[in-house]
Amino acid sequence: MLKNTHNHWTGRFVFALSAFSLLVLLSGCSSLDVNEPTRLDYAKSAQEDKPLAENLGVEDEYKFALDMARMQIKDERYQAAENLLQKMRKFRPQDIDVYRLLAQSYEGQKKYGLALSAWKQAQGLSGFSRDDEGELARLALMNDDYALAEKIYQSWLDDDGASNSEQVSALNNLGFSALLQKRYPQAKQYFQQALQKDPLNTKAANNLNLLKTVEGV
């Protein structure tokens, strides 16, 4: 029984050390060459002959670092998350999760231009989803890139496979884009179309009320 307990805690200790080794590597290096081998060079444990990375694996350690970045963002430690993710991006530049998290860290710091750039880079990567596209369009509106936002929302309307809720969202956001550009008649038309598709949609109703207020100013 004592032997099993010892092995249990030894395993947990090795996991902690191995995962921590990646964080030390990422935090201590100013840059990583994207052409480096995918296998990182870890220091050997003082108690073992083989590198700790062979016990856990680089992929598990990389996921551990991603979880660390997510935790930092959740705790609003946006700068720390940005620093970690920038180093991870150099190690694995095709990982869309890195750009998703980078965008969140930038937005948390009100670096909206950089957040938009991160979403633009994510756009060309495998796994880019409709939700990601929505985030890209939202940041485009925040950065006054109306052409990009409207192109995305219009593509949702033109997509026969888009759900009713996605089309309502597209109409609402097209209307809001038009409102921001003071194209009030067009904005009204979009909001009304959204209500035709979903008469109980409170966002479209609120947007129409906002439009009436703006037009009355």
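**Entry 1. Terms and overall picture**

I take a residue as buried when its relative accessible area is under 20%, as exposed when it is over 50%, and as partly exposed in between. I note at the outset that this is a predicted model.

I looked up the make-up of the chain and found eleven helices and zero strands. Of its 217 residues, 38% count as buried. I also looked up the contacts with a sequence separation of 6 or more, and residues 24 or more positions apart account for 51% of them.

**Entry 2. Salt bridges within helix α7**

I began with helix α7, which covers residues 130-142. I found a salt bridge between Arg138 and Glu135, in which the closest N and O atoms are 2.6 Å apart. Both residues lie in helix α7, and their separation of three residues is about one turn of the helix.

I then asked whether Glu135 is buried or exposed, or something in between. Its relative accessible area is 28%, so I record Glu135 as partly exposed. Its partner Arg138 also counts as partly exposed, because its relative accessibility is 29%.

A further pair in this helix is Glu133 with Arg130, whose side chains meet in a salt bridge at 3.4 Å, N to O. I place both in helix α7, three residues apart, again about one turn of the helix. For Arg130 I noted a relative accessibility of 25%, which means that this residue is partly exposed.

**Entry 3. A salt bridge between helices**

Which residue forms a salt bridge with Asp132? I found Arg100 as the partner, with 2.6 Å between the closest N and O atoms. Asp132 lies in helix α7 and Arg100 in helix α5, so this pair ties together parts that are 32 residues apart in sequence. I recorded Asp132 as buried, because its relative accessible area is 7%.

I followed the charged residues further and found Asp67, Arg70, Asp97, Arg100 and Asp132 linked in a network of salt bridges. For the chain I noted a count of 13 salt bridges.

**Entry 4. Two glutamines**

I looked up Gln104 and placed it in helix α5, residues 96-108. Its relative accessible area is 38%, so I list Gln104 as partly exposed. Leaving out residues up to four places away in sequence, I found that Gln104 touches Ile73 and Tyr78. I also checked Gln104 against Leu114: the two are ten residues apart in sequence, and their C-alpha atoms are 10.0 Å apart.

I then turned to Gln72, which sits in helix α3, residues 58-74. Gln72 counts as buried because its relative accessibility is 8%, a value under the 20% cut-off. Beyond its neighbours within four places in sequence, Gln72 is in contact with Arg77, Tyr78, Ala80, Ala81 and Leu84. I note that Tyr78 is among the contacts of Gln72 and is also touched by Gln104.

**Entry 5. Packing of α8 with α9**

I describe two packed helices by the angle between their axes and the distance between the axes. For helix α8 (residues 146-158) and α9, the angle is about 155° and the axes are 8 Å apart. I therefore record α8 and α9 as roughly antiparallel to each other. Their crossing is left-handed.

I looked up the residues that meet here. From α8 they are Tyr146, Glu150, Tyr153, Gln154, Trp156 and Leu157, and among those from α9 are Glu166, Leu171, Asn173, Leu174 and Ser177. By class, I found nine nonpolar, five polar and two charged residues in the contact of α8 with α9.

**Entry 6. Packing of α9 with α11**

Helix α9 (residues 164-180) also packs with helix α11 (residues 202-216), at an angle of about 15° and with 10 Å between the axes. That makes the two helices roughly parallel, since angles under 35 degrees count as such. I noted that α9 passes α11 in a left-handed crossing.

Which residues of α9 meet α11? I found Asn172, Asn173, Phe176 and Leu179 of α9 against Lys203, Ala204, Asn207, Leu210 and Leu211 of α11. This contact of α9 with α11 has five nonpolar, three polar and one charged residues. I add that Asn173 appears in the contact with α11 and also in the contact with α8.

Methods:
Residues are numbered from 1 along each chain as its sequence is written. This is a predicted model: local features need pLDDT of at least 70, side-chain atom pairs count only at pLDDT 80 or more; totals for chains, interfaces and linings use all residues. Side-chain values use heavy atoms; hydrogens and water are left out. Helices (H or I, at least four residues) and strands (E, at least two) are DSSP runs, numbered from the N terminus. Buried means under 20% relative accessible area, exposed over 50%, partly exposed in between (1.4 Å probe, protein chains only). Contact means heavy atoms within 4.5 Å. Axes are lines fitted to C-alpha atoms, for helices over the stretch in contact, and angles run from 0 to 180 degrees between N-to-C directions. Angles under 35 degrees count as roughly parallel, over 145 as roughly antiparallel, 65 to 115 as roughly perpendicular and the rest as oblique. A crossing is left-handed if the near helix is turned anticlockwise from the far one by less than a right angle, and right-handed if clockwise. Ala, Val, Leu, Ile, Met, Phe, Trp, Tyr, Cys and Pro count as nonpolar, Asp, Glu, Lys and Arg as charged, and the others, Gly among them, as polar. A salt bridge is a side-chain nitrogen of Lys or Arg within 4 Å of a carboxyl oxygen of Asp or Glu.
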